[in-house]
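Please open the model in your viewer and keep the selection panel at hand. The stops below follow one another as a tour.

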Amino acid sequence: MTKIIQPLDIYKKLPRSNCGRCPAGSCMAFAVQFLRRMVPLSECREIDEHSKLAIEEMLSDPGDWKERRFKELFDEISAGGFSSVARDTGAVVDCDLLKIVYMGREIVLGRTGFKDALDIMDRLLILMYIKQAGSGGLSGKWAAFRDFKDGLIRSESFHGACEIPLAKMFERSREGTIKRLTALGAEKVKGYATEHSYVIYALPKLPLLVLLWPGDEEFGADCKILLDSTATVFLDVEALLYLGMALVRNIKGD
Ligand code: SF4
């Protein structure tokens with residue numbers, strides 16, 4: 001069976017100096033982004049040839065784990081019928097089609113797969129959410145990623161792969177970022193520490209509070225992403241990290 005390469009496997013081959021000279025900003029965030037194909041290996045400024053080769057070798061037969069996982073999940077979900085799994089997730093079953101709103105867009109899932117072209121990670125996240133079949137209401141209380149069980153060890157990755165890229169995007173183009181967020185269904189909200197506060201429902205029961213601060217002469221722009229305190233009822237922490245990364249990718253329009 002082909003081993004699934006995890007960010008930690010890549011991290012162990014990186015210099016681990018956290019020099020901050022790559023777009024990811026830290027070695028762990030780089031490992032996550034590299035596996036997500038968001039940064040090429042050449043962006044690591046300190047890696048030596050030996051480690052580069054070791055990583056390339058490691059990836060030479062990765063198998064397509066995402067496609068495999070997608071097929072497994074899809075088979076499990078469709079075998080039991082959509083009605084049994086969609087209950088209480090916010091998805092709707094209509095004439096043997098499952099409809100769910102993801103990043104502001106209605107996505108339709110039929111017996112043979114998704115009706116629209118979607119990135120594999122987006123498809124996986126939707127299926128993971130449906131498979132987890134979390135139920136219950138939202139708490140209305142926002143929580144930081146690190147506050148969830150097992151969130152602390154991945155919080156640096158969440159910051160490097162989700163909050164830093166969004167802050168940089170906002171710094172480059174304030175209007176463009178807000179326009180993209182709004183196009184994904186984000187709504188401006190009041191009462192938070194910055195006037196640039198938006199709530200976006202990545203999935204029906206997974207709202208994200210995106211707080212953006214413009215930079216000034218002294219400090220660069222900043223971003224904080226909070227989740228409803230019930231978030232792990234609907235997706236596990238690892239998947240929430242991928243959800244944050246998917247948000248960044250969808251805002252970028254990749
Ligand atoms: S450039 Fe390389 S060593 Fe420096 S933080 Fe990024 S991944 Fe780590």
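In what sense, and over how many bridges, do β6 and strand β7 (residues 196–203) pair? They pair in the antiparallel sense over two bridges. This is a predicted model, in which local features need pLDDT of at least 70, side-chain atom pairs count only at pLDDT 80 or more, and totals for chains, interfaces and linings use all residues. Residues are numbered from 1 along each chain as its sequence is written.

**The five-stranded sheet**

Remain with β6 and β7, and select glutamate 187, which stands opposite valine 199 in β7. Strands (E, at least two residues) and helices (H or I, at least four) are DSSP runs, numbered from the N terminus; two strands pair if DSSP finds at least two bridges between them. Next, add strand β8 (residues 206–213), which pairs with β7 in the antiparallel sense over seven bridges. Two residues lie between β7 and β8 in the hairpin that they form, and histidine 196 faces leucine 212 in β8.

Now display the whole open sheet: its five strands follow the order β5-β9-β8-β7-β6, with antiparallel pairing. Its edge strands, each pairing on one side only, are β5 (142–144) and β6 (187–188). At β5, three bridges lead to the antiparallel strand β9 (residues 222–228); here tryptophan 142 is opposite aspartate 228.

**The four-stranded sheet**

Move to the open sheet ordered β1-β2-β3-β4, also paired in antiparallel fashion. β1 (92–94) and β4 (113–114) are the edge strands. Two antiparallel bridges connect β4 to strand β3 (residues 105–110), and glycine 110 stands opposite glycine 113 in β4.

**The ligand**

Select the 16 residues around the ligand (C-beta atom, placed from the backbone, within 6 Å of it). Cys19, Cys22, Cys27, Phe30 and Cys44 come nearest.

**The nonpolar core**

Phe30 also belongs to the largest nonpolar core, of 68 residues, and is one of those that touch the most other members. Such a core is a set of buried Ala, Val, Leu, Ile, Met, Phe, Trp, Tyr and Cys residues joined through C-beta atoms within 7 Å; buried means that 20 or more other C-beta atoms lie within 10 Å of a residue's own. Helix α10 (residues 237–252) gives the most to this core, with 10 residues. Finally, select leucine 125: not counting residues up to four places away in sequence, its contacts (C-beta atoms, placed from the backbone, within 7 Å) are Ala239, Tyr242, Leu243 and Ala246.

Conventions
A residue is buried if 20 or more other C-beta atoms lie within 10 Å of its own, exposed if 12 or fewer, and partly exposed in between; C-beta atoms are placed from the backbone. Two residues are in contact if their C-beta atoms, placed from the backbone, lie within 7 Å.
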